[in-house]
Structure formats: structure tokens, C-alpha cells
Amino acid sequence: MRCFLLLSCIALSLCAAGQQLNFRQDYQPAAFTDTGRLEKIKKLLPAIDSIYREHALSNHYPGMVYGVVVDGQLIAKGGFGYLDTEKKNPVTSSSLFRIASMTKSFTSMAILRLRDEGRLSLDDPAEKYIPEMKSLVYPTADGGLITIRHLLTHGAGFPEDNPWGDRQLADSDKELADFLKNKPGFSNPPGLEYEYSNLGFALLGRIITKVSGKPYQSYIREKIWKPLGMDKSEWEYDRVAPAQLAHGYRWLDGKWKEEALLHDTPDGSWGAMGSMITSIDEFAKYMALHLGAWPASNAPETGPVKRSSVREIQYPWRFNGLNADYSYPDGRRCATATAYGYGLGWTKDCEGRIYLAHSGGLPGFGSQWRIMPEYGIGVVAFANLTYAGFGAVHMRVLDSLVKAAGLKPRQQGVSMILRQRSNELAALLPDWENAETSGIFAENFFPDNPLNLLRERSRAAFKNAGKVIGLTEIIPLNQLRGTFRIHCENADVLVFFTLSPENPGLIQAFEIRKEEAPAAKSRSGIENGSALAATYFREAEAAAASQQLWKASLYGPMMFIDLDTRRAIANTPDSAGLFKAENGVYTGVLPKEVMLANTAIDWQGKKWSLVLWPAPANKNDRLNLMLHESFHRIQGQLGFAMNDPALNHLASMEGRIYFLLEMQALKAAVNKPPGERNEDLRSALIFRRQRSQLFPLTIDNERLMELHEGLAEFTGTWLGVSSDSLATHLGRLADNAEALPSLIRTASSISGPLYGCLLSQRDPSWTSGLNQGSNLQLLLEKAYGTNAATKDLHFDSKARERRYDGVRIRTNEKTREEKRLAQEKQYRRMFFDGPVLLIDLVKMNINFNPSNMFDLGDAGTVYPTAFVRDAWGELTVTDGMLMKDWKQVRLALTAGIDEGSSRIEGKGWTLVLNPGWKPVRAGNNMYTLVK
């Protein structure tokens, strides 16, 4: 019975070429799910009109007209200026403009209609229809003949011919034939490269004429224009009513100069590449045809060509570019890939949005149309100025429509078999009882997924999830693949599966994992923070937009993360589709292997900035943090290594004293006008040189850290802190340094902003020459002309201490040193006088507090608090671990270890081991981990 019901859904139809085509009547096409989309768009139309009007005025367009098409309807149109600057006749949506190369997709559509009629093949050699091409001399013996497909995709090997091709518009068929007989040159063998060729589309026009038996102008008019209702469109301007015709102009010497209109004679041979004349009212009908080709469905064909052929025109047949640093008009960076279809350009951005477009330019005219089929929207504009450009303004308008109206792309419908299999699969979870005899799995499934492992994975996913509440509607990826969620009290279980091509489809692949339930609450409140996060992202984007510090774009992929739940809010989608769109941002749960901290990470092919949630409430502090981590995201591009050496000399009393004095001198300089800073700067540099003399073997670590953490904190400070608060902020940094229990990893986050801001106030371009060998101390000396040389460095530094509260600093640091020495004795007893667990680091991720670390000399560094994840498991430290050279962790034990336990607790730490790892005795009072 099941097979009968499925097969009864198959119907018989006729395709346009007369072939019989079997198709499924139950196919579920994609559809828009966002409600009120048209009303939301209409509210934005006044702003869109202002954008186009401003564009026309700022670019000196004599006249311009635009249109906005949504779901096949021209919902907005506007005209500015004049068709003829002398007669002052106004531009309207019915005015006729030459649209130049926007003609090319009409030529392509005519070729595909002839193909659909069985009258040619796209892979036919072009010389089959144009005998004169047989005399061509190809560049290589192995390139092959030029095909119709080569011509459609600018892949014939002809050289780019703008603007030479513009002037061939009135050439006759005989002149084109003579041109071919004269053996034109090639830039590449056919099919090898994309290179824009007007000549190629002139040849396509010749093929249309040959195959159809009538001039291509007539064929396109009869077979495409008229069925669409494009009754006023023309090829030759002499056939247009003068009051409706746009005259063309150039802007020269502050005034408009009229261009001579180019003819397309009845015997013209080049018009197929760009001589079409039309209006916004009529061209919008053609845009509706392209938008109406989506989604694929069983609806009746109503256009002049099949919907599948329109989609074929739009397909990215020939790759032609990758812009890894494309900038949207609002300033955000988003990589784009571009390709060429058949007379139509294709672009896909880093967010997965697809744009189809083509521009046109001839002497006196410029135009472009751009559509987003998945969103059902498009824009078009014409102007009567030579090569008038609309690419950026169209992208701005479409991007604004999508974001401001909250538009969503069409969502795939759920097929009957996909819904059926999802319900059957859910019923088997988590125990998989009778799964092997259920009849819903393909023959490969259980050999690829042993039943015991399926049970183990599924039970782990449901563990602690609580009572099952219900099953969500399946989210289809296509007709035979999808995901669904099983809602439980404490978590969601996410299931992914794929069906085989059998009839009916059987389950061939399966994945399952647990995710935090949407209703779960965290201490941070991130589950309700998408709107607030979107505001924070906009703040950071705006602050970074004006930066001239770094060559790379500072604002990029970023996410807020919650340590409790691993929930994340990102400003851009992830590559694997784990995050969902919400309030203009993307929310989801980070996998367990991703380490959470304020940092920058590589994940899913992108470099991300991570910021812990909740973000600071104070805007200055918040922007400082976000832009700090944004610098870490790009610092590799800028040539700065991710150095993280400990500044151990700052654990000593003298090292701390001279660092604190240096910061106080820099603070004094910050609070004075630039011309009065030299003496304080000289003091700061003398204090640093005194440290260099005392600790010659470790001082260079400070230079490296200032190029790592120092520049990051400077970037956040300079761009994130308001100018009226800058001096106060820097002074607070200098003062707070004394209260920090440890400076060995925090000092550069204090000195970096102070040095950097002082340099920027003297020379805003100082960062342009930075490299891995740079020294902020020397750069400051040079920028201010400060001579820090002294005959007696020790005497000079001592003499200057009183100016910067040196007596109090020394008194406090002596007390601190006494406490430090006592703490050092305690740590040495803790880690070397009793039983310990030694853990080798394999592939470590670590989160720690850099402000409370303790230097234990040659023994390593004590981390009072930390979280470590490695191949062996997870370690949570609340009262001290010792680590040396990032190679091994030493933990103090209070007693021996149960070697069979997967959970081990010691003095201020807890270790949870992964399966297969266990502790073993390695000597007296010493244990280690083995697998």
C-alpha cells in the first residue's frame, strides 16, 4: 500500500520541447515564511527614494530613473532630472533609455529558446552557423573550436573589448563577416579564461538570425518582448518618440556635453551586445520573469521561455573572481565570489546571499539591474550619463531592504517521505529497539553505523536531557535531507539524516547531538540577548569603520559567548549552519572542542573574535574589549606573531618598582600638552632603561608582548574610548597597575595603550611602519625627539623617583615582596615536597586569569585559577597548578590516586578523564597519565 500511495503521486506532463516528462505532483517548493514582508518593504521606500536621489545629484546625472520589484511587481519607481537638458522634459518610468550591455541576457534568452525548440545545441561549434569563423586562426592547437556556450559565458578567448566594441554598434552583417575573415586576435584559447567580449555577443546575434531565419532584433521582439508586454522597447533610437527618448551626456568641465546617439541599423550586426532601448515600466516585466523562475515547482509555464531555462541563464557557469575583502556600502567586510552565467553576472557573499546582475554602459548612458531571487526582490536604474554606475548604490539598497525589513530567503518545503522518515526515526530513539527490522534504513546504514555505537551515541545525547516534551517540525535541506529537534525538559536533541535515492527513500546517514534547550537560563542572560548584541555589534562596526591604524579591516566575524551554556551570538553566520538568524544576528551553541575566552580563534574556515558575555555595561569598556579582540583576529595579517612570553622580571621587587614608576611618568605626560611632555617622557624612558640594565636577559619579552597584547589594548583604547575620557582612562590604567597581584602577563596591556596613544597624538600614521622588530620605546624617543641618554643611569633614575611618588611605591612594594617570598615558600612545598600528578600537554586549550599568576623562577609559573582541556580530558583549577614552558602541568595531591577512577580530585583542582586515559604511578609520590 505504501508503494502504491507514493507512486500514485507521479504524473505525466509535456515539456516545452515536446518531450514527455515524468514529475512528482507532491513536490514541495520553497516558500516565504516571513509575514508582512511587502508591507515592511513599502515602509522603507521613502528612504530608498532619497538614496537614489542623492546618488543622482552627487554624480551629476542629467536624468535618472529607478524601479524596485518585489514578488514580480514594480512596487516603487522614481525619476529625477531631464531626458534632454535643453528641452527640460522630465524623466519618468515610461521614458526610454538605451541600456547597453543589459541587452546581453535577452540575447542569451533567445539562444536558449532556440535550444529548447531543438534548433541548436549550446555545445555546437559557432562556425556551424557562421561559416566565416572557419577562417579563424586559434592561438593553440589544443584549444578546440569556439562553441555557443563559450560565447554565452565570455569564454571564447577573445580579448576584452570595452570601449572599442561600443563603436561597432552600426556595423552591418557584411562588415562583421569581413572582420572575421581578417582573422581577429585571441587573448586566450577557447574555454580557458573569462574575458568580457562584446564581439562574442555580436556573434550570438548572428547565430539567432541564422537559426531563426529572421533578424535577431525581430526574433527577440516577437518571442520575448511581446509575450512580456514590452511593446515600446526598441533597438534603434530613430523609432522612439522624441518626447520619450533619453539623450546621452558626459560631464566635462562642470557642465553636460551631449553625446552622439549610436545607431543600430536594420542590418546591424552588433546590437545583440548592447543596443536595446527600454523603460523602467517595461524592464520590470523582464525582471519579474527572472524572479518568477524561482522556486522550482509544478506550476504551469507562462513565460516566453521555460523557467528552468531562465534558471540556467542565472547559473554561475564561468568563475571570474574572488574578493576576500569586499566591503558593503555600510562598511562591513564580507568576502564575495563572482561568476558569469549566460549574459548575466552572479555573486555570492560570505553570508550565502546570491545576487544576479548586469550593468550597461555606452557613450551617454549607464544602467544596471540586480536581483536576489531567493528573497524575491530586485532593483534597476538607468541614467543618461556616460558609464553611469549603480553597482554600489544597488547593493546598498538591497542590503538595506534585507536588514531593515528583516527579510528571509524562501524556506524549503517538507516532502511527504522526509516527514514520514523523521517521525519513524524519532520513534526509535534512543534505544533503537527493532531498528534493524523496521524497513526504513538503507542497506549501507547498519554496516556503517553498528547498532551498539548508535545506542551509545543516542543515549549519551539524551542523558540528563529530561522528559521528552515534543518533536519540532523538520527543517528540510532539500527533498531528501533534513534535521529536527526533540525538545526535552533540560536540553534539545538535534537529529540530522539523509535519505537514499531509492523509491521510497530510506535512511542512509544519521547524526545526533545534544544542545541546550532554548528555554534554559544561564547566569549571563545571553539567551535573551540577541537584540542587545546586535546593538553592540553595530557600535563596534561604527568605531572600527573610521580606523586608519591598520591596513586590514578591523571589524569582522565576532561572537559573544556564555561560559555556562556555550551559547553564542555572532555577527555573521557560521560555515556549518549551526547558528540560526535572529534579530539581525546569529545564535547557536559552540561545540565542546572550542575553547571559550576573550580571544581570537580559527573556526570553520574563519578567524573569529570571541568576547565573553555579558559584555561590559560601560560603552568605553565594551568597545575597548571588542576592538582589542578584533586586533587579535587580524594581527597575523599585519605580520605580528602571537607572542605570549611571561615577563618574569616583573615578579621581582625592583622590576615592579621601575615599571610602576615608568607608568606614572607616562601618566604625567598624558595629562600635559604635547609640547610640554618631554621631561616626563624622558623620565619614563630612563626608568625603562634601568629595568633593561637590571634584567638584560628577559626585557626583550616585554617588547614582544607590547606588539601582541600591547597593540591590541592600544587599538581598543584609541578607537573605543571617547576622546574626552582618554586621559582619565590612561591615568586609571597607570594607577591600577600597582594594585595588580601580578604583572608578568598584564604589564603590556597597561604600557601598550600609554605608549600607543602618546605616539598617535604626535603622529597619527605611526602604526604604518610597524613590524615584528619594532620597539615602542625607541619609536617614542624618535617621535618626541626625547634624548634619554644619561651619564649615570642609576643616579638619574633614583633622582627622578620622588617626582612620581617613588617613596610610597617603594614602601608598598617592600611589603608586597615579603608576602611574595612567603607565598613562594608555600608553593615550593606544595609542588615539590609532597605527592604530585604530572600531566603532559598534548593539544591544550587553556583559560586562566593573567592578573593573578605567580612566577616560581626556574620551576615555572603558578596559575592559581585555570581551566584546561586536552586530549586526556578537562582540568578545573581553583587553588593552584604549576606549568613550565607550556609542556607539563604539575598538581599537588593530598593523598594517593585511585588508578581506576575517571574523576580525580586534589588540593584545589578536579580532573575528569576522557575514556581510555588513566593515572599510573611513576615513582615515589608521583603519578602521571597514560592511555
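**Cut-offs at work in a predicted model**

Q: Which residues count as contacts of isoleucine 207, leaving aside its neighbours within four places in sequence?
A: They are Ile111, Leu120, Ala126, Tyr129, Ile130, Ile148 and Leu151. Each is called a contact because heavy atoms lie within 4.5 Å.

Q: What should you know about the model and its numbering?
A: The model is predicted, so local features need pLDDT of at least 70 and side-chain atom pairs count only at pLDDT 80 or more, while totals for chains, interfaces and linings use all residues. Residues are numbered from 1 along each chain as its sequence is written, and side-chain values use heavy atoms, leaving out hydrogens and water.

Q: What makes a set of residues a nonpolar core, and which residues have the most contacts inside the largest one?
A: A core is a set of buried Ala, Val, Leu, Ile, Met, Phe, Trp, Tyr and Cys residues joined through side-chain atoms within 4.5 Å. The largest has 85 residues, and Ile111, Ile146, Ile207 and Phe283 have the most contacts inside it. Helix α7 (residues 198-212) gives the largest share, eight residues; helices here are DSSP runs of H or I with at least four residues, and strands are E runs of at least two, numbered from the N terminus.

Q: Why is aspartate 796 called buried or exposed?
A: Its relative accessible area is 14%. Buried means under 20%, exposed over 50% and partly exposed in between (1.4 Å probe, protein chains only), so aspartate 796 is buried.

Q: How do you know that lysine 174 and aspartate 178 form a salt bridge?
A: Their N to O distance is 2.9 Å, and the rule asks for a side-chain nitrogen of Lys or Arg within 4 Å of a carboxyl oxygen of Asp or Glu. The two are four residues apart in helix α6 (residues 173-181), so about one helical turn separates them. Lysine 174 is exposed at 58%, whereas aspartate 178, at 34%, is partly exposed.

Q: What makes arginine 149 a charge over the ring of tryptophan 317?
A: Arginine 149 lies over the ring face, at 5.7 Å from the centre. The rule wants NZ of Lys or CZ of Arg within 6 Å of the ring centre and within 35 degrees of the ring normal.

Q: Why are β30 and β33 called paired strands?
A: Pairing needs at least two DSSP bridges, and β30 (residues 861-863) and β33 (residues 881-884) share three, in the antiparallel sense. Within this pair, threonine 861 has methionine 883 as its bridge partner.
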